[in-house]
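Student: I have a new structure open and I'd like to learn how to read it. Could you walk me through some features?

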Amino acid sequence: MKIVIVGGVAGGMSAAARARRLAEDAQIVVLERGEFVSFANCGLPYHLGEEITDRSALLVQTPESLAAALALDVRTGHEVTSIDRVARTVTVRSAGGTEVISYDALVLAPGATAIRPPITGLDLPQVHTLRTIPDVDALRALVTDGARRAVVLGAGFIGLEAAEALRLRGLAVDLVDLAPHVLPPLDAELAQLLDDELVAAGVRTYVGVAATTIEPTPGVGHAVEVTLSDGTRLPGDIVVLSVGVRPDSHLATTAGLDLGPGGSIMVDGTQQTSDPHIWAVGDATAVRQAVTGAVAPVPLAGPANRQGRRAADAILGHLDTGSPRAARPVLGTAVVRVFGLTAAVTGASRRTLQQAGIEHHTVHLHPGHHAGYFPGAEQLHLTVSFSPDGRLLGAQAVGCAGADKRIDVLATALSAGLTMDDVAELELAYAPPYGSAKDPVNMAGFIAQNVLDGTLRLWHAEDVEKVLDTCLVLDVRSASEYARGHLPGALNVPHTELRARLDEVRAAAGDRPVRVHCASGFRSYLAHRVLDQAGLDSAHLSGGMLTLAAARRDIVLATGRA
């Protein structure tokens with residue numbers, strides 16, 4: 001058996017290593033067009049920011065180490081230029097010339113390429129991506145040579161990490177994204193928290209705009225000026241291009257393999273393409289999204305590694321399409337650090353669910369990441385979406401601590417097809433330094449149960465104009481909280497006084513519904529239960545003023561006492 005693998009890093013090297021462990025007698029050839037076949041590309045921003053100081057720490061394996069440990073024939077600087085599916089050969093170009101290599105099984109792991117939007121000046125030497133070792137070498141050299149300002153185009157995961165890294169190196173950083181907020185996979189009410197953190201750290205953010213031109217600045221050394229679509233001009237010594245990636249599927253295209261959305265390579269549950277002798281793994285392949293069922297590429301390291309292993313299993317007869325180990329839909333679970341905050345996501349966001357027309361409820365909560373009475377408790381902002389029949393659909397979290405842990409738990413629950421009743425009953429490790437007896441994950445389950453059984457009715461931040469026009473807004477915070485800022489026209493009745501002042505609420509409401517809120521949602525839930533059982537048409541604001549203030553910065557609050 002001769003297995004030829006095109007591309008290394010996560011998917012390709014996982015396939016090669018697994019194939020060797022399964023078949024000692026297989027001939028395994030890895031063809032990598034770049035200089036480095038196995039490196040920690042997710043660590044690149046942290047080397048740029050000098051948190052990882054040793055460049056060699058990023059080099060996971062070398063051709064020599066792979067030959068010694070796994071008897072792999074790894075050839076760097078070898079670019080596959082074409083595939084002959086009938087002859088089962090690939091044509092390879094290298095410094096030594098062109099050669100043709102035969103295969104019994106071919107694995108395509110070409111990865112993705114950076115999207116290059118129609119911006120004048122992308123070829124200037126100050127403009128770089130952050131995807132490879134040479135990329136980070138070039139950026140570090142510019143910083144060492146005295147760069148003082150950077151413009152990062154794209155505020156996704158890599159863009160945020162690049163902005164953080166360059167700011168940690170002391171550069172002034174401007175961050176630009178065409179989306180309405182940073183980290184587009186995150187819902188707006190949580191993304192605003194990241195924006196606040198970026199601004200507090202000295203990063204200037206520009207959202208809802210795109211770069212149109214990058215031009216050298218006359219008479220200012222190697223500086224450039226980036227012009228945005230609204231006319232804003234941003235000076236920079238470095239421009240990082242991070243507006244997204246697309247599948248690098250040109251080999252598959254010219255070979256006539258079936259392609260999916262965005263040019264991604266279509267594969268079955270064993271990673272086999274439309275050619276029975278060719279498999280594909282990693283960022284160039286199409287996967288199915290677990291919640292919406294949409295088919296699209298999902299460029300994440302975890303799925304790429306698993307796909308490589310799966311392809312090797314299939315090639316060597318350890319896996320077929322009916323196996324429980326065949327490919328499962330992808331959740332898109334991801335996490336990113338933004339200075340002092342962590343943001344994590346799994347499953348579908350509210351926006352994704354709305355775009356897909358999937359009926360859902362979403363709850364917002366703001367618990368501590370561990371027991372409040374234990375020193376160091378940090379507030380966690382958690383949103384969880386679920387279907388009317390109780391199925392978990394997605395979750396997002398932002399906080400100084402505990403966000404990754406909760407999203408990992410909810411990703412596991414989502415993968416297992418758990419309902420919100422199941423989530424409420426999860427038995428999670430607890431001691432005061434680590435969590436609460438009612439963990440935030442359990443609390444999300446409890447709130448969902450209340451929504452599903454009618455104990456709790458919700459209104460959301462996007463409803464605020466309609467609520468102000470048609471409802472009595474009941475603010476059940478303390479008088480001092482109310483005085484610092486409240487919704488115009490809101491009636492302030494602290495929740496501890498509500499039972500004694502129900503007649504006042506009835507009179508103020510007249511024939512209008514009552515929409516109640518507090519700071520985070522707990523007191524307003526208590527108030528809602530009182531109002532509901534008193535016969536009033538009541539609903540409480542999901543996430544309280546914390547969520548409203550983040551989601552709707554355009555809302556002007558009134559001040560002063562009632």
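Tutor: Sure. Keep in mind that this is a predicted model. Let's begin with one residue, Asp248, which sits in the loop between strand E19 (245-247) and helix H7 (250-255).

Student: Is Asp248 buried or exposed?

Tutor: For that, you look at the relative accessible area, and under 20% counts as buried. Asp248 has 8%, so it is buried.

Student: Which side chain does the side chain of Asp248 make a polar contact with?

Tutor: That partner is the side chain of His250, at 2.8 Å. If you leave aside neighbours within four places in sequence, Asp248 is also in contact with Arg33, Pro110, Gly111, Ala112, Thr113 and Ala284.

Student: Now helices. How do I read the length of helix H10?

Tutor: Compare its span with the one expected at 1.5 Å a residue. Helix H10 (residues 403-415) has 13 residues and reaches 18 Å from its first C-alpha to its last, close to the expected 18 Å.

Student: Which residues of H10 are buried?

Tutor: They are Ala403, Arg406, Ile407, Leu410, Ala411, Ala413 and Leu414. They cover an arc of only 160° around the axis, so they lie on the same side of H10. Here's the general idea: an α-helix has 3.6 residues a turn, so residues three or four places apart point the same way.

Student: What do the buried residues of H10 pack against?

Tutor: Three strands and two helices are involved: E24 (341-347), E26 (380-386) and E27 (392-399), plus H11 (420-424) and H12 (440-452). Just after H10 comes Gly417, with a positive phi of about 75°.

Student: Can we try the same reading on helix H8?

Tutor: Good practice! The 15 residues of helix H8 (residues 301-315) should span 21 Å at 1.5 Å a residue, and the end C-alpha atoms are 21 Å apart, so the two agree. Its buried residues include Pro303, Ala304, Gln307 and Gly308. The buried residues of H8 pack against strand E1 (2-6), helix H1 (9-22), strand E9 (105-108), strand E20 (278-280) and strand E21 (287-288). After H8 comes Gly317, whose phi is positive, near 80°.

Student: How do I find empty space in a model?

Tutor: Rolling a probe the size of a water molecule over the atoms shows where empty space is left. This structure holds 1 cavity of 30 Å³ or more, and the largest cavity has about 30 Å³ of space.

Student: Which residues line the largest cavity?

Tutor: Among them are Asp187, Arg350, Thr383 and Gln396. Strands E26 and E27 each supply at least two residues of that lining.

Student: Let me look at Gln396, then. Where does it lie?

Tutor: Gln396 lies in strand E27. Its relative accessibility is 3%, so Gln396 counts as buried. The side chain of Gln396 reaches the backbone oxygen of Pro185 at 3.0 Å. A polar atom of that side chain also lies 2.9 Å from the backbone nitrogen of Asp187. Not counting residues up to four places away in sequence, Gln396 touches several others, including Ile407, one of the buried residues of H10.

Student: What about the second largest pocket: how much space lies in it?

Tutor: About 660 Å³. Of the 27 residues lining this pocket, Leu365, Met443, Ile447, Gly521 and Phe522 lie nearest its centre. The elements giving two or more residues to the lining are strand E25 (361-365), H12 and helix H16 (522-533). H12 gives the largest share, 5 residues.

Student: Let's finish with the segment after H17. Is Ile555 buried or exposed there?

Tutor: Ile555, found in the segment after H17, has a relative accessible area of 18%, so it is buried. Not counting residues up to four places away in sequence, Ile555 touches Val464, Glu465 and Leu487.

Student: And how far apart in space are Ile555 and Ile3?

Tutor: They are 61 Å apart, C-alpha to C-alpha, with their places 552 residues apart in sequence.

How values were computed: Residues numbered from 1 in each chain as written. Predicted model: local features only at pLDDT ≥ 70, side-chain atom pairs only at ≥ 80, totals over all residues. Heavy atoms only, no water. Helix = DSSP H or I, 4+ residues; strand = E, 2+ residues; numbered from the N terminus. Buried < 20%, exposed > 50% of the residue type's maximum accessible area, 1.4 Å probe, protein only. Polar contact = N/O pair within 3.5 Å; in protein donor to acceptor, adjacent residues only side chain to side chain. Contact = heavy atoms within 4.5 Å. Expected span 1.5 Å × (residues − 1). Arc of directions from axis to C-beta. 1 Å grid on protein atoms, 1.4 Å probe; cavity = no way out; pocket = protein on both sides within 12 Å on 5 of 7 lines; lining within 4 Å. Points joined across faces, edges and corners; volume = space filled by probe spheres on them.
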